[in-house]
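Work through the two exercises below with the model open beside you, and try each task before you read its solution.

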Amino acid sequence: MRNSLLGHEVFVYPPEAYADAFPFNLGTTLSYRLGSLALENTLLREKFDIIEFYGAEFGLLISRLANIPLPHRPLLVAHTNGLELLARVQSDDSVQPKLRPSLRRFVASLLQPLINKLDYWAFAKVDTFSALCTADIDFMSHNNILSIDRCAVVEPGIDSCYLEAPWNRSKYNWIVHFGTWCSRKDSQTTVEVVAELLTSNPHLEFHVIGSHSSKPAILALFDISLHCRIHVYSYLSVENIVDILSKAKVLLFPSLYEGFGMAIAEAMACGCVVVATPTGFGAEIRDGVDGYICNFRDVNTMICKYQNILDNELLRMQVASAAHKRVNGFSWTNQVSKLEGFYKSWLRSIP
């Protein structure tokens, strides 16, 4: 696939271009990691300036290309929407593939060490790394995978409908969950925090958007006396989501792992105060300035911070305003230009 972007010629090779390189079924994980070798000759023949590898499945291909010294090959850049090496450390078992017990044992004993090695190469053998958040490059540097001077943070853009949301000084007593209802998002902590807050604040409402879970299943986790103040939406347009975030006081985001966490940035753009955990963009929140950070599964602290926001309208407005300013420049135009700037500077640094 060939495109033009900001005057640059861009070639895109989707998984369909290499995943079926083998005549037999290796499974998705190995098909991507081994099949990408089918692109090697094509990538070298096209004489690209930069090859951007999006995701961890290109470790074997990257290791082969990296054996060719610069400037006799393209600049190799790793770019991902969440550093897989960090995800493997920070996430619990809930984000791992749901395999049958026999297959799980087989993968763990035979294939997983190989996959881990290939994924390590995908980031250790590139020339530079473009991350969505500082947590990723901190992990790379701390574990001596790639030096921090070869890394850059370029946050994803926020759609204009969030950035242009009307600024509501007066908010409803709404607490919002925005994202998939699953163990990686720590739905159990969400239930414990929200149940206590709803019980203590009779005028508080809980709104669940983008959960991909049924309303009865979520309601069943709460006492029946709270059901009338819990709103679970099966589908909402982007305009409806923006409307809810613009009216709500707080966003609950106790995720165990995020590559970035778009819901955080989108809520901040809408003037919704975020209480999050230190993962993805949540780890970059300045606690008490443009949001709040709590330790993973720290139910008591989350309850206290939420209650503080609900009880102190001036503080809520100050934090919401700072959060809005923090993400106001995250337009797609700005972020694409920022990425382009790093790529140009990396190319200029090639001997």
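**Exercise 1: a strand and its neighbours**

Valine 77 stands opposite threonine 128, a residue of strand E5. The model is a predicted one.

Task: Find which strands are joined to E4 by bridges and how they run, and determine whether the residues of E4 are buried or exposed.

Solution. Begin with strand E5 (residues 128-131), which is joined to E4 by three bridges and runs parallel with E4. Turn next to strand E3 (residues 50-54), where five bridges make the connection to E4, again with a parallel run. In this pairing, tyrosine 54 lies opposite histidine 79 of E4. Follow the chain from E3 to E4 and you pass through helix H3 (residues 59-65), in a β-α-β crossover that is right-handed.

Now consider the cover over E4 (residues 75-79): five of its five residues are buried, where buried means under 20% relative accessible area. In a regular strand, side chains alternate between the two faces of the sheet. Here Leu75, Val77 and His79 point one way, while Leu76 and Ala78 point the other way, and all are buried.

**Exercise 2: two helices that cross**

Task: Describe how helices H11 and H13 cross, and state which residues meet in their contact.

Solution. Two packed helices are described by the angle and the distance between their axes. The axes of H11 (residues 262-269) and H13 (residues 313-327) come within 7 Å and cross at roughly 115°, and the crossing is left-handed. From H11, Ala265, Met268 and Ala269 meet Ala323, His324, Arg326 and Val327 of H13. The residues of this contact comprise five nonpolar, one polar and one charged.

Conventions. Residues numbered from 1 in each chain as written. Predicted model: local features only at pLDDT ≥ 70, side-chain atom pairs only at ≥ 80, totals over all residues. Heavy atoms only, no water. Buried < 20%, exposed > 50% of the residue type's maximum accessible area, 1.4 Å probe, protein only. Helix = DSSP H or I, 4+ residues; strand = E, 2+ residues; numbered from the N terminus. Pairing = 2+ DSSP bridges. Right-handed = clockwise from strand over helix to strand, strands pointing away. Axes fitted to C-alpha atoms, helices over the stretch in contact; angles between N-to-C directions. Left-handed = near helix turned anticlockwise from the far one by under 90°. Contact = heavy atoms within 4.5 Å. Nonpolar A, V, L, I, M, F, W, Y, C, P; charged D, E, K, R; others polar.
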